[in-house]
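Morning, everyone. I will go through one structure today, stopping at a handful of places in it. Please have the sequence and the model open.

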Amino acid sequence: MEKVQFPRFMVAAEKSGQGKTLITCALLELLKEQHRVSAFKCGPDYIDPMFHRRVAGVPSYNLDSFFSSREELIQLLGLHGGPDRLGVVEGVMGYYDGLGGSTDRASSYEVAERTHTPVILVADGQGRSFSTLAAVRGFLSFRPDSHIKGVLFNRLSPMLYPAFKRAAEEELGIRAVGFVPPLGEEFRLKSRHLGLLRPEEIPGFREEIHRLAETLRPGIDLEAILSIAKEAEPLPARRRSLPQIRKENGEKPVIAVAMDEAFCFYYQDNLETLEAMNAELRFFSPIHDEKVPGEADGLYLGGGYPELYGKELSENASMRASVRELLAQGMPCIAECGGYLYLKQELADADGISWPMCGVLPGGSRDSGRLSRFGYGIMTAMGDSVLGPVGTSVPAHEFHHWDSPENGDCFSFKKPVGTREWSCGYGTESLYAGFPHLYFYGHEPVRFLELAARRRDGECGRSHRT
């Protein structure tokens, strides 16, 4: 089988809160000066890819080994990479941390192992000195092949780096690729609502990342990092085959996608999968536009921050009426998390004030004060829905502070570790709405697009699938 080169490396850390995102963005800023860069994020995170795209200005995608098989991860890398690109993968949590308990399933390590991606470990020097190297040794030896090929010392005095570099290379046999000096508070990401990056903040963050990159430049050995990236194994040159959905007259089904300040949580691969299956996307704003685009055959309401824009969403009564009327007419719709909240009767904002929403689904939601039902799970359909017939299993992920006493019972959601299970979601022939986020590499939206393709043709209309 033909293989293609794709130089790449992963930035991993000992645990969460070690500065992976800031360091990754600074590296992207430095590397894009000389290279075409594609960024990736391990796991189901929406926020960090937004930083990569909006702040660092590079394309970014998720690599998730819970949602995707080994072959699919390799296909994703091959789809977005190539010999003319450099891949930078940001890890998630601690390098070996996965689903929880005593398993590295769905960890950064599993992604590195499945894709044979070399890893640069960020080792934190704050609060310790030579013990940092003992921690590095532990990460190197914890698995027979850790895939760790380099170490970057974080929060380390420049005076100490020569001794750390010598010890790492002579005693541990691992290449030292530089250091990050202790940084002031001005470089610390401030706490935000679910990691919120508002559009008006982007210019400030771009400037901050540029200043950070210049601060890191003297201590980073970019040539050593590029050398490690070039050690990555070639990837099989194969692409996944997707069904092509079209209308009876040969036209593409048009999917209206909510995209604005309130709705911005979308896996880039979800949007590109819809297009790869022959859909035409029309982006619109539930805050600023008067109604759903008139040419729409289907509706995709993703996650985001509707709770921060309750007043603005509520005051756009014409948009709410448009959504309500189209769904009453049977327009196929996928509404995840924030999109699901938008379809309910009301939504309490961050100040606890309730605002009328679309009124398609019963009840309301408000801040629960904590993450509710956080994590991966397998969602199984208890009846037929736009996601598929009864019994259809869909890998999914929940991440939300807002909750509701009535969340539907059309699906069961089972955690992959332990026995915890609950009912969730609303499902009809034309609708999926619930807190769980979907990943279209894990479940292709065939029925959704087929319904969209034949919606305007009446009961006798047909979609075509090739």
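A word on helices before I use the term: here, a helix is a DSSP run of H or I with at least four residues, and helices are numbered from the N terminus. With that in hand, D269 sits in helix α9, which covers residues 268-276. Keep in mind throughout that this is a predicted model.

Let me stay with D269. Is D269 buried or exposed? The cut-off for buried is under 20% relative accessible area. D269 has 3%, so D269 counts as buried. Setting aside residues within four places in sequence, its contacts are Y61, N62, L76, H80, Y439 and Y441.

One of those contacts takes us to the empty space inside the protein. As general background, rolling a probe the size of a water molecule over the atoms shows where empty space is left. In this model, two cavities of 30 Å³ or more are counted. I will discuss the second largest, with a volume of about 40 Å³. Which residues line the second largest cavity? They are D45, Y46, P49, M50, R53, N62, C264, Y266, Y267 and Q268. N62, then, is part of this lining, and N62 is also in contact with D269. By type, the lining has six nonpolar residues, two polar and two charged. Helix α2, residues 47-55, contributes the most to the lining, with three residues.

Y46 from that lining leads to the next stop, H437. The side chains of Y46 and H437 are joined by a polar contact of 2.9 Å. H437 belongs to strand β27, residues 437-438. Its relative accessibility is 1%, so H437 counts as buried. Apart from neighbours within four places in sequence, H437 touches Y46, G303, E336, C337, P395, A396, H397 and F399.

Now the nonpolar core. In general, in soluble globular proteins, nonpolar side chains tend to be buried together. The largest nonpolar core here has 151 residues, and the members that touch the most others are Y95, F153, L299 and L343. Helix α1, residues 20-31, supplies the largest share of this core, eight residues. Take L299 as an example. Not counting residues up to four places away in sequence, L299 touches A256, F284, V292, V323, L327, M331, P332, C333, I334 and F448.

Next is helix α4, residues 108-115. How many of its eight residues are buried? Seven are, namely S108, Y109, E110, V111, A112, R114 and T115. What covers them includes strands β2 (8-13), β3 (37-42), β4 (60-63), β6 (119-124) and β9 (235-236), along with helix α3 (70-80).

H147 is a good place to look at α4 from outside. H147 lies in the loop between α5 (131-141) and β7. With 9% relative accessibility, H147 counts as buried. H147 and Y109 are 38 residues apart in sequence, and their C-alpha atoms are 8.0 Å apart. Beyond four places in sequence, H147 touches Y95, Y109, A112, E113, H116, T117, P118 and V119. Y95 in that list is also one of the core members I named earlier.

That brings up backbone angles. In general, most residues other than glycine have a negative phi. Where are the exceptions I want to show? Just after α4, H116 has a positive phi of about 55°. In the loop between β5 (86-90) and α4, A106 has a positive phi of about 65°, although A106 is not a glycine. A106 has a relative accessible area of 7%, so A106 is buried. R155 is not a glycine either, and its phi is positive, about 55°. R155 is in the loop between β7 (148-154) and α6 (161-171). With a relative accessible area of 22%, R155 is partly exposed.

R155 has a contact from another loop, and that is my last stop. P182 lies in the loop between β8 (175-180) and α7 (202-216). Is P182 buried or exposed? It is exposed, because its relative accessible area is 54%, and the cut-off for exposed is over 50%. Leaving out residues up to four places away in sequence, P182 touches R155, L156 and S157. P182 and L156 are 26 residues apart in sequence but 6.1 Å apart in space, C-alpha to C-alpha.

That is the end of the tour.

Methods
Residues numbered from 1 in each chain as written. Predicted model: local features only at pLDDT ≥ 70, side-chain atom pairs only at ≥ 80, totals over all residues. Heavy atoms only, no water. 1 Å grid on protein atoms, 1.4 Å probe; cavity = no way out; pocket = protein on both sides within 12 Å on 5 of 7 lines; lining within 4 Å. Points joined across faces, edges and corners; volume = space filled by probe spheres on them. Helix = DSSP H or I, 4+ residues; strand = E, 2+ residues; numbered from the N terminus. Nonpolar A, V, L, I, M, F, W, Y, C, P; charged D, E, K, R; others polar. Core = buried A, V, L, I, M, F, W, Y, C linked by side-chain atoms within 4.5 Å. Buried < 20%, exposed > 50% of the residue type's maximum accessible area, 1.4 Å probe, protein only. Contact = heavy atoms within 4.5 Å. Polar contact = N/O pair within 3.5 Å; in protein donor to acceptor, adjacent residues only side chain to side chain.
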